[in-house]
Amino acid sequence: MITLGGGVILNSLAQKAKRYDLNYIKDLKARESDSLEDKIELSISKEDGLKSLKDLLNEFNEDENEIKASLNKLIDNKKIISLNEGFIHNKVFTKKVEEL
């Protein structure tokens, strides 16, 4: 998404953040330069629960087929797990199972 002034929107659902928060800056740099797959994986890994396809469509403002293709690649690489209501990162799933 490009603005009238020529800028680029990296996160359309951004929340307020501190100016010099290094983790937030690292996240923005990753969103700017990484592939769609990497961006989706990062977004799902930050979620503590499930992330739906609708959430991803709203967050990335990309074509649904592109997002589905990226999700399928991530599932094939066993980086994320597809459940009935959404997607969860493999590490988050493992952590939740260990908590039980």
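Mentor: Before we look at any residue, keep one cut-off in mind: a residue counts as buried when its relative accessible area is under 20%, and as exposed when that value is over 50%. Keep in mind too that this is a predicted model.

Trainee: Okay, so is Ser70 buried or exposed?

Mentor: Ser70 has a relative accessible area of 8%, which is under the 20% cut-off, so Ser70 counts as buried.

Trainee: And where does Ser70 sit, and what is it in contact with?

Mentor: Ser70 belongs to helix 4, and once its neighbours within four places in sequence are left aside, its contacts are Leu36, Glu37 and Ile40.

Trainee: Let me step back for a second: how many helices and strands does the chain have?

Mentor: The chain has 5 helices and 2 strands, and if you read along the sequence you meet them in the pattern α-α-α-α-β-β-α. Of its 100 residues, 24% count as buried.

Trainee: How much of the contact in the chain comes from residues far apart in sequence, say 24 or more positions?

Mentor: If you take the contacts in the chain with a separation of 6 or more, residues 24 or more positions apart account for 47% of them.

Trainee: Back to the helices, then. How do helix 2 and helix 4 pack?

Mentor: Two packed helices are described by the angle between their axes and the distance between the axes. For helix 2 and helix 4, which covers residues 64-76, the angle is about 70° and the axes are 9 Å apart. The two helices are therefore roughly perpendicular to each other.

Trainee: Which residues make that contact?

Mentor: Helix 2 brings Leu36, Glu37, Ile40, Glu41 and Ile44, while helix 4 brings Glu66, Ile67, Ser70, Leu71, Lys73 and Leu74. Sorted by class, the residues of this contact are 6 nonpolar, 1 polar and 4 charged.

Trainee: You listed Leu74 there, so what does Leu74 touch?

Mentor: Not counting residues up to four places away in sequence, Leu74 touches Glu37, Ile40, Glu41, Lys79 and Ile80.

Trainee: Now helix 3. At what angle does helix 2 pack with helix 3?

Mentor: Helix 2, residues 36-46, and helix 3, residues 53-60, pack at an angle of about 120°, with their axes 11 Å apart. They are therefore oblique to each other, and their crossing is right-handed. The residues in contact are Leu36, Lys39, Ile40, Ser43 and Ile44 from helix 2, together with Leu56, Glu59 and Phe60 from helix 3. By class, that contact has 5 nonpolar, 1 polar and 2 charged residues.

Trainee: Glu59 is charged, so is Glu59 buried or exposed?

Mentor: Glu59, which lies in helix 3, is buried, with a relative accessible area of 8%. Its C-alpha atom is separated by 8.9 Å from that of Ser43, although the two residues are 16 residues apart along the chain.

Trainee: What about helix 3 with helix 4?

Mentor: Their axes come within 10 Å and cross at roughly 120°, so helix 3 and helix 4 are oblique to each other, and the crossing is right-handed. Leu53, Leu56, Leu57 and Phe60 of helix 3 meet Glu64, Ile67, Lys68 and Leu71 of helix 4. This contact of helix 3 with helix 4 has 6 nonpolar, no polar and 2 charged residues.

Trainee: Which residues make up the largest nonpolar core?

Mentor: In soluble globular proteins, nonpolar side chains tend to be buried together. Here the largest nonpolar core has 10 residues: Leu36, Ile40, Ile44, Leu56, Phe60, Ile67, Leu71, Leu74, Ile80 and Phe87. The elements that give two or more residues to this core are helix 2, helix 3 and helix 4.

Trainee: Changing topic to the loops, what is the phi of Lys78?

Mentor: Most residues other than glycine have a negative phi. Lys78, however, is not a glycine and has a positive phi of about 60°. Lys78 lies in the loop between helix 4 and strand 1, and at 63% relative accessibility it counts as exposed.

Trainee: Last one: where is Asn84, and is it buried or exposed?

Mentor: Asn84 is in the loop between strand 1 and strand 2, and its relative accessibility of 83% makes it count as exposed. The C-alpha atoms of Asn84 and Ser52 are separated by 9.4 Å, with the residues 32 apart along the chain.

Definitions and conventions:
Residues are numbered from 1 along each chain as its sequence is written. This is a predicted model: local features need pLDDT of at least 70, side-chain atom pairs count only at pLDDT 80 or more; totals for chains, interfaces and linings use all residues. Side-chain values use heavy atoms; hydrogens and water are left out. Axes are lines fitted to C-alpha atoms, for helices over the stretch in contact, and angles run from 0 to 180 degrees between N-to-C directions. Helices (H or I, at least four residues) and strands (E, at least two) are DSSP runs, numbered from the N terminus. Angles under 35 degrees count as roughly parallel, over 145 as roughly antiparallel, 65 to 115 as roughly perpendicular and the rest as oblique. A crossing is left-handed if the near helix is turned anticlockwise from the far one by less than a right angle, and right-handed if clockwise. Contact means heavy atoms within 4.5 Å. Ala, Val, Leu, Ile, Met, Phe, Trp, Tyr, Cys and Pro count as nonpolar, Asp, Glu, Lys and Arg as charged, and the others, Gly among them, as polar. A nonpolar core is a set of buried Ala, Val, Leu, Ile, Met, Phe, Trp, Tyr and Cys residues joined through side-chain atoms within 4.5 Å. Buried means under 20% relative accessible area, exposed over 50%, partly exposed in between (1.4 Å probe, protein chains only).
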